[in-house]
Structures are given as C-alpha cells and as structure tokens.
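I set out to record what could be looked up in this model about its enclosed spaces, its open pockets and its nonpolar cores. The entries follow in the order in which I consulted them.

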Amino acid sequence: MIEARHLRVLRAVAATGSFSGAARELGCTQPAVSQQMKSLEASAGTRLVVRTGRETRLTQAGEVLVRHATGILAGLTAAEEEIAAIVGLRAGRVRLVSFPSGSSTLVPAALAALRAAHPGTRVSLVEAEPPRSVSMLRDGDCDIALAFRYEGGEGEWQDLTVRPLLVDRLVGLVPEGHPLADAGKVAMADLADESWIAGCPRCRTQLVGACEAAGFTPRIDFATDDYPAVIGLVAAGLGVATLPDLALTSVRTEGVRKLTVEPSVSREVVALTLPDLARVPAVAATLDELATAAETAA
C-alpha cells in the first residue's frame with residue numbers, strides 16, 4: 001500500500017534531485033529517506049529512482065507517481081484542514097429532528113446560542129414525532145432526535161445515547177365556563193363523561209391508558225396534532241384535553257383553564273443520538289445547548 005509519507009519523500013527527492021537534498025528539506029536523515037524510498041518501491045512493485053554517481057533521477061514510473069502525488073497530497077491537506085475546522089467547531093453540520101412543541105420552545109434558544117458560540121456550525125431542522133424521529137436517527141437521516149417517552153418506554157432506546165433534558169407534566173384543559181374551571185386540580189375520573197380532544201398518536205395512546213387506569217374509556221370526538229387547534233376546540237366548548245405543559249408555553253391559551261391532573265402524568269423529554277455521533281464536536285455542542293435551553297424552560 002502506498003502511504004502519504006512515502007509520496008512526500010518521493011516528491012522531495014524529485015524536487016531536490018538527491019536523497020541528501022530531500023533529507024534536508026524534510027528535516028530527517030539520508031538513511032531515513034533511503035529506507036522510505038525502498039518501502040515505496042516495494043509497494044509500487046518497480047524502481048522509481050535511479051542513482052548514477054551523485055545524480056538521482058526518476059524512472060518513468062517515478063515520474064508518473066510524482067505527477068499523481070501532487071494531487072493526492074493536496075487533497076489530503078485539504079481534508080486535514082477541513083477536519084481540523086470541524087474539530088475546532090469552525091465548520092460542521094448537524095441534522096436535527098424535533099417534535100413540534102420542542103421545535104417551538106427548546107430548539108430556538110439552543111440554536112441561537114450555538115450560532116453565537118460557533119457561527120461556522122450549520123444546523124438543519126425537520127419535524128417528526130417519535131417513534132418516526134427515532135427511526136430517522138437509526139436510519140442515518142439525522143444526527144440528533146429530540147424525542148419524548150412516557151412511563152414504560154425505558155427500554156426502547158438502549159442502543160442510543162440518551163441526553164435527558166426535562167420532565168414535562170401533562171395538564172388538563174377545560175373551557176372557561178366549565179364547572180371545574182376554577183378547581184385548580186382535577187382527577188381523571190372526574191372527566192369520565194366528557195368529550196375528549198386527543199393529540200398525536202403516542203399522546204393519544206397515553207391518554208387512553210391514563211383514562212382506563214382511572215376506570216373509564218375516553219370518548220374521543222376530535223383528534224389533531226396541532227396544539228393551537230386543541231386549544232381552540234376546548235375554548236369552543238367542544239371537549240376537554242390534556243396537553244404537555246411545554247406545549248402551552250408557545251401558544252395562546254385564551255378561553256381555556258389549566259388544571260393540575262391527578263394522578264400526575266408526565267413525559268420525559270430527551271435528545272437522542274448514536275454513540276459514535278456523540279463524540280463529533282458539533283453534535284456534542286448542540287446537545288449541550290439543548291440541555292442549557294431545557295434548564296431555562298424547566
């Protein structure tokens with residue numbers, strides 16, 4: 001196998017016309033140059049230089065290899081510089097996928113801080129709910145997935161690096177004119193006869209499970225992934241709902257009342273990445289900024 005260090009020696013020999021001249025240029029000894037050339041010729045399978053007296057000249061094969069060495073070494077130098085820029089966070093790319101309430105709360109603060117600290121790092125964002133976002137991460141379609149899970153989902157991310165961000169409690173929503181609007185807190189069983197407005201599929205599954213644990217099956221009349229739509233439907237008196245508290249920090253809540261739900265229901269919000277990606281500087285910096293943003297939001 002031809003090595004880059006051998007090509008540098010060959011190029012120095014071609015430029016100086018001798019092994020001794022190459023040694024001076026490279027800052028090494030003449031025997032070291034001679035040994036490197038022997039290794040290169042062994043790899044190439046042919047003579048590359050011919051020494052006649054004090055003169056050293058390239059063979060035809062040597063001339064061909066020197067011609068290619070210039071481009072090869074230039075490409076390696078460019079690659080080294082680009083990698084150094086990425087390691088030093090002067091460059092880099094992070095592909096982030098997030099669920100909507102994370103996109104509107106945690107992500108803006110995190111990315112603004114990342115841009116201020118490392119303006120050469122570029123982050124792209126698309127939205128997807130788990131488990132789709134987690135599948136995108138495993139398939140190589142993103143570098144970080146902002147996701148959440150409810151109780152019982154602890155084993156689903158064992159192959160991933162999990163960065164816990166915050167615990168997000170669910171709150172109950174009723175119209176302002178509802179008999180329980182001023183109660184402050186409510187038991188799930190007290191809402192058994194209500195019409196319900198459900199959210200994303202994972203949240204919907206959790207809602208049904210919480211209601212069944214309270215002794216009833218919810219009558220879901222409306223289902224939407226859009227949080228402002230949920231609030232609008234509740235405000236219009238068309239039903240009640242539960243939403244993550246995080247989601248309510250970025251939407252208008254006129255016409256509804258927030259209630260503490262008993263027993264308490266919460267979800268864990270995390271940032272996920274692959275173990276190898278966690279060591280990439282730009283990814284690690286993004287994870288740190290997401291954690292900082294979560295501390296502020298908690």
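**Entry 1. Cavities.** I began with the enclosed spaces of this predicted model and counted two cavities of 30 Å³ or more. The largest cavity has a volume of about 90 Å³. I found 14 residues in its lining, and those closest to its centre are Leu170, Gly199, Cys203, Thr242 and Leu243. Strand E8 (195–198), H7 and strand E10 (241–244) each give two or more residues to this lining. I noted that H7 gives the most, with four residues. By class, I recorded ten nonpolar residues, three polar and one charged for the lining of the largest cavity.

I then turned to the second largest cavity, which holds about 30 Å³ of space. I listed its lining as Leu170, Met188, Gln206, Leu207, Ala210, Thr242, Val261 and Val265. H7 again appears here, with the largest share of the lining, three residues. Six of the lining residues are nonpolar and two are polar, with no charged residue.

**Entry 2. Pockets.** I next examined the open spaces. The largest pocket contains about 190 Å³ of space. I read its lining as Tyr150, Glu151, Met188, Gln206, Ala210, Ala213, Ala214, Pro263, Ser264, Val265 and Ser266. Helix H7 (residues 201–213) contributes the most to this lining, with three residues. I sorted the lining of the largest pocket into seven nonpolar, three polar and one charged residues.

For the second largest pocket I noted a volume of about 160 Å³. Its lining consists of Leu166, Val167, Asp168, Arg169, Asp245, Leu246, Thr249, Ala297 and Ala298. E6 and helix H9 (245–248) each supply at least two of these residues, and the largest share, four residues, comes from E6. I classed this lining as five nonpolar, one polar and three charged residues.

**Entry 3. Nonpolar cores.** Which residues of the largest nonpolar core touch the most other members? Among its 28 residues, I found these to be Ile144, Leu146 and Leu165. Two or more core residues come from each of strand E3 (92–98), helix H5 (100–117), strand E5 (144–149), strand E6 (161–175), strand E12 (266–273) and helix H10 (281–297). H10 provides the largest share, eight residues.

I followed Leu146 further. Leaving aside neighbours within four places in sequence, I found Leu146 in contact with residues including Val97, Phe99, Leu106, Leu165, Val270 and Leu290. I also recorded a second, separate core of 18 residues, with Phe19, Val33, Val66 and Ala69 among them.

**Entry 4. His178.** I located His178 in the loop between E6 and strand E7 (185–187). Is His178 buried or exposed? I classed His178 as buried because its relative accessible area, 14%, falls under the 20% limit. I noted that its side chain reaches the backbone nitrogen of Leu180 at 3.0 Å. Not counting residues up to four places away in sequence, His178 touches Glu194 and Val240.

**Entry 5. Ala84.** I placed Ala84 in helix H4 (residues 60–87). With a relative accessible area of 37%, Ala84 lies between the 20% and 50% limits and is therefore partly exposed. I also looked up the separation of the C-alpha atoms of Ala84 and Gln60, and it is 36 Å for these residues 24 apart along the chain.

Conventions:
Residues are numbered from 1 along each chain as its sequence is written. This is a predicted model: local features need pLDDT of at least 70, side-chain atom pairs count only at pLDDT 80 or more; totals for chains, interfaces and linings use all residues. Side-chain values use heavy atoms; hydrogens and water are left out. A nonpolar core is a set of buried Ala, Val, Leu, Ile, Met, Phe, Trp, Tyr and Cys residues joined through side-chain atoms within 4.5 Å. Buried means under 20% relative accessible area, exposed over 50%, partly exposed in between (1.4 Å probe, protein chains only). Contact means heavy atoms within 4.5 Å. A polar contact is a pair of N or O atoms within 3.5 Å; within protein, one must be able to donate a hydrogen and the other to accept it, and residues adjacent in sequence count only if both atoms are side-chain atoms. On a 1 Å grid over the protein atoms alone, a cavity is a set of points where a 1.4 Å probe fits but cannot get out, and a pocket is an open set with protein on both sides within 12 Å along at least five of seven lines; lining residues have an atom within 4 Å of a point. Grid points are joined across faces, edges and corners, and a volume is the space filled by probe spheres set on the points. Ala, Val, Leu, Ile, Met, Phe, Trp, Tyr, Cys and Pro count as nonpolar, Asp, Glu, Lys and Arg as charged, and the others, Gly among them, as polar.
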